[in-house]
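Colleague: I am new to this structure and would like a close look at one part of it. Could you take me through the largest pocket and what lines it?

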Amino acid sequence: GWRENNVDLILKHFGKSKVSISIEAGPSGGQFSKSQSYYLLKDLFKYTITKKFEFVQFRKPSEDGKSSFAVAERLYRKTDDGRLFKDKIYVSLHSEDGQTWVVNEIKSIR
């Protein structure tokens, strides 16, 4: 979804709970429902062009089997001035029903 700037591919991994989102060159941060996240990510992709998005680290599920996370490296260009930026995207997952993994948090780290 990130590589293609496709919000729908990202949102299919959201669950019923709100997701914490804080992304560089995006929203200032907060807890967002799936529908709010759609517009937030749509705006992000309107103002940035993802040049690279690659997961570089995966954490095995926690001992209780209810949480995990992954880290991706992102290279993006701002559409307003063409500047190129690099950050890491932290994606936290939790088990919604004991079987299905859903996104709990998306955060950029510089």
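Modeller: Here is a walk through that pocket, with a little background on the protein around it. Please keep in mind that this is a predicted model, where local features need pLDDT of at least 70 and side-chain atom pairs count only at pLDDT 80 or more, while totals for chains, interfaces and linings use all residues. Residues are numbered from 1 along each chain as its sequence is written, and side-chain values use heavy atoms, without hydrogens and water.

The protein has 2 helices and 6 strands, which are DSSP runs (H or I, at least four residues, for helices; E, at least two, for strands) numbered from the N terminus. From that end, the order is α-β-β-α-β-β-β-β.

Now to the pocket. On a 1 Å grid over the protein atoms alone, a pocket is an open set of points with protein on both sides within 12 Å along at least five of seven lines, and lining residues have an atom within 4 Å of a point. The largest one has a volume of about 370 Å³, volume being the space filled by probe spheres (1.4 Å) set on the points. Of its 17 lining residues, Trp2, Ile10, His13, Phe53 and Phe55 are the closest to the centre. Two or more lining residues come from each of α1 (7-11), β3 (48-58), β5 (84-95) and β6 (101-109), and β6 gives the largest share, 4 residues.

By class, the lining has 13 nonpolar, 2 polar and 2 charged residues. Here Ala, Val, Leu, Ile, Met, Phe, Trp, Tyr, Cys and Pro count as nonpolar, Asp, Glu, Lys and Arg as charged, and the others, Gly among them, as polar.
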